[in-house]
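Visitor: I am new to this structure, and I would like to understand the words used for it. Could we take them one at a time, with the reasons behind each?

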Amino acid sequence: QEQLVESGGGSVQAGGSLRLSCATSGNILSVSYVAWFRQAPGKQREWVAGISSGGNINYAASVKGRFTISRDYAKKSVYLQMSSLKPEDAAVYYCNTPMGLKRGTWGQGTQVTVSS
C-alpha cells in the first residue's frame with residue numbers, strides 16, 4: 001500500500017519562506033516519480049513540482065526560481081522549499097505519485113497561508 005503524508009504548512013507573510021515535507025513509505029522514493037500539487041479555494045488542483053526516481057526535477061512556470069524540490073532517502077521524504085511566497089501561493093499542498101493519481105488517492109494535504 002502506498003502511503004504519503006504531508007506536513008510543514010503554516011502561515012507566513014508575503015516574501016517569506018516555508019518548507020513542506022512529504023513522508024513516503026517502503027521504496028516509493030527509489031522507484032517512483034513524486035510530485036507536489038496544490039489547490040486553492042475555488043480552483044482546481046494544479047501540479048507544482050516533481051522529482052523522478054533518477055533525480056530529474058521539473059517545476060511549474062509559476063513557481064520556478066522560487067521553489068525547490070528535493071529528497072532524502074534516509075528519511076524517505078520529499079521536500080518542497082518555498083521562498084519569496086506570494087498570496088497566490090496560498091493553498092492546500094499535496095504530494096502524490098503516478099500510481100496514486102491513477103487510483104485517485106490523495107492525503108490530507110498541508111495548508112499554506114500567505115498574508116500580504
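Guide: Let us begin with burial: a residue is called buried when its relative accessible area is under 20%, exposed when it is over 50%, and partly exposed in between. Please keep in mind that this is a predicted model. By that rule, both Arg66 and Asp89 are buried.

Visitor: What makes Asp89 count as buried?

Guide: The relative accessibility of Asp89 is 0%, and because the limit for a buried residue is under 20%, Asp89 counts as buried. Arg38 is also buried, because its relative accessible area of 5% is under 20%.

Visitor: Why is Glu46 called partly exposed?

Guide: Glu46 has a relative accessible area of 36%, which falls between the limits of 20% and 50%, and therefore Glu46 is called partly exposed.

Visitor: How do you know that the side chains of Arg38 and Glu46 meet in a salt bridge?

Guide: A salt bridge requires a side-chain nitrogen of Lys or Arg within 4 Å of a carboxyl oxygen of Asp or Glu. For Arg38 and Glu46 the distance from N to O is 2.7 Å, so the pair meets the definition. The side chains of Asp89 and Arg38 meet in a salt bridge as well, at 2.9 Å from N to O. This second pair links distant parts of the chain, with Asp89 in the loop between β8 and β9 and Arg38 in strand β4, 51 residues apart.

Visitor: Which residues are linked in a network of salt bridges?

Guide: The network links Arg38, Glu46, Arg66 and Asp89. Arg66 enters through a salt bridge with Asp89, in which the closest N and O atoms are 2.7 Å apart. Here too the partners come from distant parts of the chain, since Arg66 lies in the loop between β6 and β7, 23 residues from Asp89. A search of the whole structure finds three salt bridges.

Visitor: How do you know that strands β3 and β8 pair?

Guide: Two strands pair if at least two bridges are found between them. Strand β3 (residues 18-23) and β8 are joined over six bridges, in the antiparallel sense, so they satisfy that rule. Strand β7 (residues 67-72) is likewise joined to β8 by six bridges, and these two strands run antiparallel. Tyr79 in β8 stands opposite Ser21 and also opposite Ser70. The C-alpha atoms of Ser21 and Ser70 are separated by 9.7 Å, although the two residues are 49 apart along the chain.

Visitor: Why is strand β8 described as mostly covered?

Guide: Strand β8 spans residues 77-82, and five of its six residues are buried. In the largest nonpolar core, which has 26 residues, those touching the most other members are Trp36, Leu80, Met82 and Tyr93.

Visitor: What makes the phi of Lys76 worth pointing out?

Guide: Most residues other than glycine have a negative phi. Lys76 is not a glycine, yet its phi is near 50°, a positive value. Lys76 is placed in the loop between β7 and β8, and its relative accessible area of 37% lies between 20% and 50%, so it is partly exposed. Ser84, in the loop between β8 and β9, has a positive phi of about 50° although it is not a glycine. At 42% relative accessibility, Ser84 lies between those limits as well, and therefore counts as partly exposed.

How values were computed: Residues numbered from 1 in each chain as written. Predicted model: local features only at pLDDT ≥ 70, side-chain atom pairs only at ≥ 80, totals over all residues. Heavy atoms only, no water. Buried < 20%, exposed > 50% of the residue type's maximum accessible area, 1.4 Å probe, protein only. Helix = DSSP H or I, 4+ residues; strand = E, 2+ residues; numbered from the N terminus. Core = buried A, V, L, I, M, F, W, Y, C linked by side-chain atoms within 4.5 Å.
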